[in-house]
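Biologist: I would like to go through this model feature by feature. Please give the general idea each time, then the case at hand.

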Amino acid sequence: MKKRQMYFRMIIASLMRRRSRMLVALLSIAIGATVLSGLVTIYYDVPRQMGAQFRNYGANMIFTAADQKFTLEDVRQGTALIKADQLVGVTPYRYENVRIHESPVVAAATDMTSVQATSPYWHIEGEYPSSDGQILVGAGLAESFNLKSGELLEVSYTPAEMASGDETIQDNILEFEITGILDTGGSEEDYLYISLSDMESLTGDAGDIDIAELSISASSDELSDYADMISNTVSSVNARLVKRVTASETTVLTKLQALVLLVTVVVLALTMICVATTMTAVVTERRKEIGLRKAIGASDSSIIKEFLGESMMLGGLGGILGSVLGFIFAQQVSIHVFSSSISFMPALVPVTILVSVLVTGLSSLMPIRSATEVDPALVLKGE
Amino acid sequence: MFFRMIRGTLLRQWKKMLMIAFTIALGASLAAAMLSVMFDVGDKVNQELKTYGANITVVPKSASVLNELYEVEGGQNTGAYLREDELGKIKTIFWAFNIVDYAPFVTVNSTLDDGSEVKVIGSWFNHHMELPTGEQLDAGIAGLRSWWEIESGDWLDEQSHNQEDSAMIGTALAKKLNLSVGNTLHVKGSDGEKNFKIIGIFDAGGEEDDQIFAPLNAVQDLAALDGCIDSIEVSALTTPDNELAEKAAKDPSSLTVSQYEIWYCTAYASSICYQIQEVITDSVASPVRQVADSEGAIMEKTQLLMILITILSMIGAALGICNLVTASVMERSSEIGLMKAIGAQNGAISGLVLTEIFITAVFGGIIGFFAGFGFAQIIGHTVFGSAISMKPVVIPIVAILVILVTLAGSIPAIRMLLRLRPAEVLHGGH
């Protein structure tokens, strides 16, 4: 007991006496540990965060009718099978042929709030419709018919019975206020967009859904599992992956992950070697002390034990400091780059501490051994 | 004498000096590797994002107006077309180098033998071009539809001899008609008919699964559309949009002359669109928001991420070097004490120690720079399968970093040692 107390007293006294130099060593270990814990945290979090960025590409799964039509209730049943935190958005679409200025055009009825989640790339000149009676006009149509936001637009719908020749039924006509012009660079520019309830009043029937777009942040394997599960469980829905989005996402995300992994490995390796050389220098400096101890009769093993204890204590301290700093760094990166916070990984703390203790221990072991092997007289003489 | 002393130190204490040089080389290589990767990551990721397909579409100027007002009732498209002979001009615009792939499209509604309607789309598959600049380019949908899965057969090669009348068909259509590779499919267009030999069956996971893709000229023959194309899809490397680009996209004439020049000479999607419109007669080129905007977002995030990791590793490298330099100067306390004892001036001692460390630092820095560039190449080849290009700006940044860090590491240590009294130092007291 007494011996152990003495051992710790010696280590602590040695650390305290040589405060400035030990601080230098501690700083370097702490930096190594910070890099370790920070980069590993980022490496594990990047796929999740980047995956969220890839949702900018819009829907990666679509529901279509298995045979004829399906309803909002079927969509709800289908989406209930997807984990809530993975589901970015669900947007139902119902397409009908309507007429504006006596020309036939396609009107899509949809949910204007969820469309902003599933198609974040839509550029609206103006505003999204916020209430019934408002309409979004595709840029192509707006140019053809010379429509501007703020204007009123009459949309007429010919019920199916009239088309069949029954003259007694009139066109249904509704007047909408144009709130915005939609610019996507794609086929959406040739459609009108109204709310589902407006479409109901226009057509006079509750109607079914033609297609539902889903944006899910999950890997492509998980996505195809979901698609199979939904198609099997909800009989009226056929869930399919949007291959263009899922396949490309897998390709790019794999590359990005590999990039962060390699960068992490290179930076870690170089930083750890840096820590090791600093520790080696700090120990080498104390050859004289080792010589003196040997001269007054200390055994090699006791010297090695003491020096190792000292550097490993530094390693542990540096590891703790680095874990905290590394998490702060990863958190800052996450907030600045992805504007979301990062989850703390408790398992990383013992790993960081262990690695710093090992690196410092190993890197000081070599110079200590070489110092103890030399004749104390030579070391003390300064050769 | 000064130089002899320095040479003496370097030779006598070569082990210690080698250690310093090694650490400086490590730090410099870390900084050089990370900076090279950081500066190039935008281009590399941009290249990867090309798997999402075209980010610019070009259509005839009057297409939408004509289609909407006069033609929907008629059903057949006879309106405006782009000219096939102008396709090559796309590779002559200011940002030609940024255009990685493009393909023309012409769509003809045709009937099959069983009377069903089908869309036949003419395009380039693997169109090999020798450009006047000496560059070579393989353009076509093989690159622009990278997500297509070829279920059987192969990509069509329209420039090989016997494939002029070949076609690739979607998996849904193949299933419906019970066709497989090698079969012939008879298609009747408005002004001609053809027997297409099926070369490949693809799964696109979209509406293209019900369509037929054939070489451009073969499809033009179906509807007597010689030299006409409906649209062009262009895949270009672009810079994420900023305020200037957004303003210019609305109306380029609202810019001042200098703003216009900056905009025109930056690879924004809108300026590339503008340049394409300049060379293709009566065309409207517009960015595909789904691809262009997402690309911008992902590139920005990746770049920012790499910048922050680079800053962390530079701080790590800097402090690592700083520590070791301080430790090695402190170690020489007795030597400096001795020099002072025999009458050396403070300035002379500082000069001597600094010069020694600087020689070591330059030596280590140069080795480190090349090693770091090597690390960057390893990263580039493993991750992206291509070399990381060397940006000249990395050299001064690494050089300044090494110099500053060495100074910051050695000056405080030297000053501290100079303040000590020679007798105490030599005596060995702390």
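Modeller: Start with burial in this predicted model: 46% of the 430 residues of chain B count as buried.

Biologist: What radius of gyration does chain B have, against that of a compact globule of 430 residues?

Modeller: A compact globule of 430 residues would come out near 22 Å, but the figure for chain B is 33 Å. Along the principal axes, the C-alpha atoms of chain B fill a box of roughly 110 × 50 × 35 Å.

Biologist: How is chain B divided into domains?

Modeller: Domain 1 of chain B takes residues 2–45 + 296–427, and domain 2 takes 55–287. Their C-alpha centres lie 54 Å apart. Chain B contains 14 helices and 14 strands. Among its contacts with a separation of 6 or more, 77% join residues 24 or more positions apart.

Biologist: How many residues does each chain bring to the contact between chain A and chain B?

Modeller: Chain A brings 57 residues and chain B brings 57 residues. On the side of chain A that touches chain B, the elements supplying at least two residues each include helix 2 (19–54), helix 9 (243–284) and helix 11. Helix 9 of chain A gives the most, with 22 residues. By type, that side of chain A divides into 31 nonpolar, 18 polar and 8 charged residues.

Biologist: What should helix 11 of chain A span, and how far apart are its end C-alpha atoms?

Modeller: Helix 11 of chain A has 39 residues (300–338), so at 1.5 Å a residue it should span 57 Å; its end C-alpha atoms are 54 Å apart, which agrees. Ser339(A) follows helix 11 of chain A, with a positive phi near 40°.

Conventions
Residues are numbered from 1 along each chain as its sequence is written. Chains are lettered from A and ligands numbered from 1 in the order in which they are written. This is a predicted model: local features need pLDDT of at least 70, side-chain atom pairs count only at pLDDT 80 or more; totals for chains, interfaces and linings use all residues. Helices (H or I, at least four residues) and strands (E, at least two) are DSSP runs, numbered from the N terminus. The expected span of a helix is 1.5 Å times one less than its number of residues. Domain bounds come from an automatic or database domain assignment. Two residues are in contact if their C-beta atoms, placed from the backbone, lie within 7 Å. Ala, Val, Leu, Ile, Met, Phe, Trp, Tyr, Cys and Pro count as nonpolar, Asp, Glu, Lys and Arg as charged, and the others, Gly among them, as polar. The radius of gyration is taken over C-alpha atoms; the globule rule is 2.2 Å times the number of residues to the power 0.38. A residue is buried if 20 or more other C-beta atoms lie within 10 Å of its own, exposed if 12 or fewer, and partly exposed in between; C-beta atoms are placed from the backbone.
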